[in-house]
Amino acid sequence: NAIIRVKGISKVYQMGEVRVEALKEVSFEINQGEFIVVLGPSGSGKSTMMNLIGGMDTVSSGEVYYKGQPLHQATEKVLTEYRRHAVGFVFQFYNLMPNLTAYENVQMAVQIAKDPLNVKEVLAQVGLADRADHFPAQLSGGQQQRVAVARAIAKNPDLLLCDEPTGALDFATGVQMLKLLKEFSVQYKKTVMIITHNAGIAEMADRVFYMKDGRLENITVHPHPVPPE
Ligand code: ADP
Ligand code: ADP
């Protein structure tokens, strides 16, 4: 039932004489519908791991499978398809198109999707029904990140990967954002993985991954994760 299976993956970055082992022999499985939070100090390999799962980078050694399909041996063409259809990404900086409205930003993303959700419904779900015609500059940071979340969700991906989605938001706005992601995961039975410094979200997670020095040091399991209020 694993949607993602990772077996002994390592990642080495070599820049001239400098060699960084960003990820060291990491293994785990993620099941469909799981809500995973990744915690760990800066530089511990969290982003590297997520980029490898998301098909944005390739492993130095080890294996990554999406629904049994080996990504570590995939061609760039296959990885592009994978990123387009299977994965939604949310980053710290919203990367919205400034000359497009909220609606158009989301609409653009769903054009390449196979089975997209309704753009208006998704905007309503993230609390932006009345902001659809606004441009990014007319929206607050939290609202812009909601557009970015809507854009990722509307593609209807199996897997939503979020790298510090609350990094540029104040604490309360960040908590709202994380609740939204949790609701999405529960409602659509989607797999969500979030890198965050906000340890408060950990209790909503099915499992918490603790990264340290490129290793997956510990996994905490929550049999009864706390639902969002
Ligand atoms: P985290 O997300 O936990 O902050 P990262 O995965 O970004 O950690 O980084 C892990 C290690 O790999 C760090 O030492 C970082 O400097 C290094 N690293 C990450 N990306 C690159 C890259 N593109 N080139 C060189 N080194 C990198
Ligand atoms: P919660 O409050 O939901 O239990 P916490 O963030 O406090 O979430 O951490 C969950 C558990 O994991 C706690 O028992 C904590 O002691 C433990 N923990 C926290 N950081 C680490 C770590 N780096 N390695 C191993 N275990 C950790």
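In this predicted model, ligand 1 sits among Tyr13, Met15, Val20, Ala22, Pro41, Ser42, Gly43, Ser44, Gly45, Lys46, Ser47 and Thr48. Sorted by class, that shell comes out as five nonpolar, six polar and one charged residues. Three elements, β1 (2–15), β2 (18–31) and α1 (46–53), each put at least two residues into the shell. Helix α1 gives the most, with three residues.

The polar contacts to ligand 1 include several that go to its oxygen atoms. The side chain of lysine 46 brings an N or O atom to 2.8 Å from an oxygen atom of the ligand. A backbone N or O atom of glycine 45 lies 3.1 Å from an oxygen atom of ligand 1, and a polar backbone atom of serine 47 is 2.8 Å from an oxygen atom of ligand 1. As for cover, ligand 1 taken alone exposes 560 Å², and the protein buries 63% of that.

Ligand 2 has its own set of neighbours: Ala202, Glu203, Tyr210, Glu217, Asn218, Thr220 and His222. Here the classes split into two nonpolar, three polar and two charged residues. Strand β10 (residues 215–221) provides the largest share of this shell, three residues. On the contact side, an N or O atom in the side chain of tyrosine 210 is 2.7 Å from an oxygen atom of ligand 2. Nitrogen atoms of the ligand come into play too: asparagine 218 has a side-chain N or O atom 3.1 Å from a nitrogen atom of ligand 2, while a polar side-chain atom of glutamate 217 lies 3.4 Å from a nitrogen atom of ligand 2. On its own, ligand 2 has 550 Å² of accessible area, of which the protein covers 44%.

Histidine 222, one of the residues around ligand 2, is worth a closer look. Its place is in the segment after β10. With a relative accessible area of 21%, histidine 222 counts as partly exposed, because the buried class stops under 20%. The side chain of histidine 222 has a polar atom 3.1 Å from the backbone oxygen of alanine 202, and Ala202 is itself in the shell of ligand 2. Setting aside neighbours within four places in sequence, histidine 222 is in contact with Ala202, Glu203, Ala205, Asp206 and Val208. Histidine 222 and arginine 207 are 15 residues apart in sequence, yet their C-alpha atoms are 5.8 Å apart in space.

Turning to the protein interior, nonpolar side chains tend to be buried together in soluble globular proteins. The largest nonpolar core in this model has 39 residues, and those with the most contacts inside it are Phe35, Val149, Leu160 and Leu181. At least two residues each come from β3 (35–39), α3 (102–110), α4 (119–125), α5 (141–154), β7 (159–163), α6 (171–188) and β8 (191–195). Helix α5 accounts for the largest share of this core, seven residues. Beyond residues up to four places away in sequence, valine 149 touches Val90, Val126, Met177, Leu180 and Leu181. There is also a second, separate core of 30 residues, with Ile3, Ile9, Leu52 and Ile195 among its members.

Helix α5 also holds glutamine 145. This residue is buried, since its relative accessible area is 0% and the class takes anything under 20%. A polar atom of the glutamine 145 side chain lies 2.9 Å from the backbone oxygen of phenylalanine 91. Leaving out neighbours within four places in sequence, the contacts of glutamine 145 are Val90, Phe91, Gln92, Tyr94, Pro165, Leu169 and Met177. Val90 and Met177 are also touched by valine 149.

Finally, a word on backbone geometry. Most residues other than glycine have a negative phi. Glutamate 164 has a positive phi, near 50°, and aspartate 213 likewise has a positive value of about 50° although it is not a glycine. Both are in loops: glutamate 164 is between β7 and α6, and aspartate 213 is between β9 (207–212) and β10. Their surroundings fall into opposite classes. Glutamate 164, at 13% relative accessibility, counts as buried, whereas aspartate 213, at 54%, counts as exposed.

Technical notes:
Residues are numbered from 1 along each chain as its sequence is written. Chains are lettered from A and ligands numbered from 1 in the order in which they are written. This is a predicted model: local features need pLDDT of at least 70, side-chain atom pairs count only at pLDDT 80 or more; totals for chains, interfaces and linings use all residues. Side-chain values use heavy atoms; hydrogens and water are left out. A residue is near a molecule or strand if one of its heavy atoms lies within 4 Å of it. A polar contact is a pair of N or O atoms within 3.5 Å; within protein, one must be able to donate a hydrogen and the other to accept it, and residues adjacent in sequence count only if both atoms are side-chain atoms. Accessible areas come from the Shrake-Rupley method with a 1.4 Å probe; for residues, only the protein chains shown count as cover. Helices (H or I, at least four residues) and strands (E, at least two) are DSSP runs, numbered from the N terminus. Ala, Val, Leu, Ile, Met, Phe, Trp, Tyr, Cys and Pro count as nonpolar, Asp, Glu, Lys and Arg as charged, and the others, Gly among them, as polar. A nonpolar core is a set of buried Ala, Val, Leu, Ile, Met, Phe, Trp, Tyr and Cys residues joined through side-chain atoms within 4.5 Å. Buried means under 20% relative accessible area, exposed over 50%, partly exposed in between (1.4 Å probe, protein chains only). Contact means heavy atoms within 4.5 Å.
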